[in-house]
Amino acid sequence: MGDFAGAYQWMNIRFLLEGLQVTLILSAVSIVFSFLIGAVFGLLRYMKIPGLSVIVGLIIDIIRNLPLLLILFFTYFGLPNIGIRLNALPAAIVAMTIFESMMLAEIFRGGIQAVDPGQMEAARSNGLSYGQAMYHIILPQAIKKMIPAIVSQLISLVKDTSLATIIVLPELMYHGQVLYGQNSNYMIPVFVALTVMYFVVCYALSLLSKYLDHRLAA
Amino acid sequence: MMWQIFRDNFGLFMQGLGYTVGVSLLSLFFCLIIGTIFALLEINPKRWVRVIGKIYVEFFRNVPLLVITMFFYVVVPRLGVPLSGFAAGAIGLTIYTSAFIAETVRAGIQSVDPGQMEAARSNGLTYVQTMRFIILPQAIKIIVPPLGNQFINLVKNSSVLAFVAGFDLMYQGNLIASNTFETTTTYAIVGVLYLIITMPMSYAMTYLDHRWSGSVKEEE
C-alpha cells in the first residue's frame with residue numbers, strides 16, 4: 001500500500017496535474033464571478049435601500065447558512081428536475097459562485113461598514129456625489145480592511161472545489177480517487193500527493209494575503 | 001408536494017438531522033479541547049513549542065476537509081484501525097475544525113492587553129495561573145461570537161459525512177432524492193432543515209458580537 005515509485009511514475013503525476021488544472025480553472029472562474037456578484041450584493045445590502053436591501057440581506061443570510069455540498073447537489077441533480085440540465089463543470093461553477101459570492105458579499109459589507117462614517121459625511125460635504133465618495137474615498141479604505149478575510153475565503157473556495165468530485169467533475173480529488181482505485185498500493189502516495197498539491201496552492205494564497213496586508217498597512 | 005415528501009420520509013429526515021447535530025456537537029467538544037491546546041502552544045514563550053502549534057494549524061487549514069476525511073475513511077482502516085464512515089467523518093471534521101478554532105482562541109488571547117500578563121506575573125502568579133484566572137476569562141468574551149461561527153461552519157461541513165455513508169442529513173437527503181426522484185423538492189427540504197439549525201445561531205452570534213463589542217467600548 002506504499003508503492004511510492006510506482007505511484008509517482010510520470011503518467012500518474014501527469015494525471016494528477018490534469019486534475020489540478022481543472023481545480024484551478026474551476027477556482028479561477030468561480031472567483032471572478034463571485035467577486036462581481038458579491039460586490040453588487042454587498043453594496044446593495046449596505047446601502048439600505050428600502051425593501052430591496054432587506055430581500056438581498058435575507059438571500060445572503062440563507063445561502064451563507066447552507067452547506068455548499070447541498071447547493072452543489074441542487075445545481076447538478078435538482079435543476080434537471082425543473083428543466084435545467086448542466087454538465088459537471090458548469091454545475092460546479094454555478095454552485096461555487098452562488099455560495100462564495102454571498103460569503104464575499106458579507107465580507108464586502110463588513111469592510112465598508114468598518115470605514116468611519118465621518119469619511120462619507122466629509123466627502124459628501126466637500127461636494128462629492130454618493131457614487132464618487134464611495135468609489136474614491138470609502139472603497140479604497142474598505143479594501144485594505146477586507147483583504148485578509150477575502151483571501152481566507154478564496155482559500156476556502158479552492159479547498160471546497162474538492163467537493164465537486166461527487167458530481168464526477170475530473171478535478172484533483174477525483175483523479176486521486178481514480179488512481180488509488182486502480183491500485184490500492186497507490187493509496188498512501190496519492191494522499192500525500194493530493195495533500196501537497198492542495199497545500200501548495202492554498203498556502204501560496206495565504207502568503208499572498210500576509211504580503212498584501214503588510215504592504216497596504218505601511 | 002413538499003409537505004408530502006417530508007411526511008412520508010419524516011423518520012429519515014429526523015434521523016439525518018439527529019446525526020448532523022450529534023456529530024457537530026461531538027466535534028465541537030473535541031475541537032475546543034484540541035483547539036485550545038494548540039492555541040496555547042502557538043503563544044508559548046518557547047520558540048520550538050510555537051513552531052509545533054504553527055505547523056499543525058497551517059497544515060490543516062490549507063488542506064481540504066474532504067482529503068482529511070477520505071484519508072480516515074480509506075487509508076486508516078487498511079492500516080489496521082477499523083473506522084466506520086461516521087467515525088471517519090467525525091475525526092476528519094474534528095481535526096480540520098480544531099485548526100480554525102485554535103486560530104480563533106489564539107486571536108482572542110492575544111487581544112487581551114499584554115499588561116495584564118505582566119501585572120499578574122509581577123503579583124506572583126505563575127504563567128499557568130495567569131492564563132487560567134486572568135487571561136482566558138477576559139478572552140472568552142472576544143472568542144465566543146467567532147466560535148459560534150465556527151460551530152455554524154461545523155454544521156455545514158458535517159455534510160461531508162455524505163461522502164462516507166455517515167447517515168447525516170445530507171446523506172439521508174440523497175437517499176430520499178434517489179428513491180422519490182423528487183430531487184428539487186427533497187433538497188429544498190434538506191436546506192430548510194439545515195437553516196433551522198444555522199440561521200438562529202448566525203443571528204444570535206451577530207447580536208452577541210454587537211452587544212459585547214459595544215460593552216467593551218463603554219468600559220473604555
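Is Ala165(B) buried, exposed or partly exposed? Ala165(B) counts as partly exposed, because 14 C-beta neighbours lie inside 10 Å and partly exposed residues fall between the limits of 12 or fewer for exposed and 20 or more for buried. The structure is a predicted model, in which chain A has nine helices and zero strands and chain B likewise comes to nine helices and zero strands. The contact between the chains takes 30 residues from chain A and 29 residues from chain B. The points below treat the chains, their contact, the nonpolar core, one helix pair and two residues with positive phi.

**Chain A**

- Along the sequence, the elements of chain A follow the pattern α-α-α-α-α-α-α-α-α.
- Taken along the principal axes, the box filled by the C-alpha atoms of chain A is roughly 70 × 50 × 20 Å.
- Chain A has 218 residues, of which 41% count as buried.
- Of the contacts in chain A between residues at least 6 apart in sequence, 77% join residues at least 24 apart.
- An unreviewed UniProt entry carries the annotation "domain: ABC transmembrane type-1", which covers residues 20–209 of chain A.
- Over residues 20–209, chain A is 80% helix and 0% strand, and the C-alpha atoms at the two ends of this stretch are 22 Å apart.

**Chain B**

- From the N terminus on, chain B runs α-α-α-α-α-α-α-α-α.
- The C-alpha atoms of chain B fill a box of roughly 70 × 50 × 25 Å, taken along the principal axes.
- Chain B has 220 residues, and 41% of them count as buried.
- For contacts in chain B with a separation of 6 or more, 73% are between residues 24 or more positions apart.

**Contact between the chains**

- Chain A contributes 30 residues to the contact and chain B contributes 29 residues.
- On the side of chain A that touches chain B, two or more residues each come from helix H3 (52–64), helix H4 (68–78), helix H7 (130–160) and helix H9 (187–217) of chain A.
- H9(A) gives the largest share of that side, 10 residues.
- By residue class, the side of chain A that touches chain B divides into 22 nonpolar, six polar and two charged residues.

**Nonpolar core**

- The largest nonpolar core has 116 residues, and the residues with the most contacts inside this core are Leu70(A), Ile71(A), Leu72(A), Ala92(A), Ala95(A), Phe99(A) and Val67(B).
- Helix H5 (residues 88–114) of chain A supplies the largest share of this core, 15 residues.
- Leu70(A) is located in helix H4 of chain A. Leu70(A) counts as buried because it has 25 C-beta neighbours inside 10 Å, against a limit of 20 or more.
- Leu70(A) and Ala95(A) are 25 residues apart along the chain, and their C-alpha atoms are separated by 9.0 Å.
- Across to chain B, and leaving aside neighbours within four places in sequence, Leu70(A) is in contact with Ser159(B), Met170(B), Tyr187(B), Val190(B), Gly191(B) and Tyr194(B).
- Val67(B) touches residues of chain A: not counting residues up to four places away in sequence, these are Ser162(A), Met173(A), Leu194(A), Thr195(A) and Tyr198(A).

**Packing of H2(A) with H8(A)**

- Two packed helices are described by the angle between their axes and the distance between the axes.
- The axes of helix H2 (residues 10–46) of chain A and H8(A) come within 7 Å and cross at roughly 155 degrees. H2(A) is therefore roughly antiparallel to H8(A), since angles over 145 degrees count as such.
- From H2(A), the residues Asn12(A), Phe15(A), Leu16(A), Glu18(A), Gly19(A), Leu20(A) and Thr23(A) take part; from H8(A), they meet Leu172(A), Tyr174(A), His175(A), Gly176(A) and Leu179(A).
- The residues of the contact of H2(A) with H8(A) divide into six nonpolar, five polar and one charged.

**Positive phi outside glycine**

- Val168(A) has a positive phi of about 60 degrees although it is not a glycine.
- Val168(A) is placed in the loop between H7 and helix H8 (172–182) of chain A. Val168(A) is exposed because 10 other C-beta atoms lie within 10 Å, and 12 or fewer is the limit for that class.
- In Ala165(B), also a residue other than glycine, phi has a positive value near 55 degrees.
- Ala165(B) lies in the loop between helix H7 (127–157) and helix H8 (169–180) of chain B.

Definitions and conventions. Residues numbered from 1 in each chain as written. Chains lettered and ligands numbered in written order. Predicted model: local features only at pLDDT ≥ 70, side-chain atom pairs only at ≥ 80, totals over all residues. Contact = placed C-beta atoms within 7 Å. Helix = DSSP H or I, 4+ residues; strand = E, 2+ residues; numbered from the N terminus. Nonpolar A, V, L, I, M, F, W, Y, C, P; charged D, E, K, R; others polar. UniProt positions renumbered as here; feature names shortened; annotations may be inferred. Core = buried A, V, L, I, M, F, W, Y, C linked by C-beta atoms within 7 Å. Axes fitted to C-alpha atoms, helices over the stretch in contact; angles between N-to-C directions. Parallel < 35°, antiparallel > 145°, perpendicular 65-115°, else oblique.
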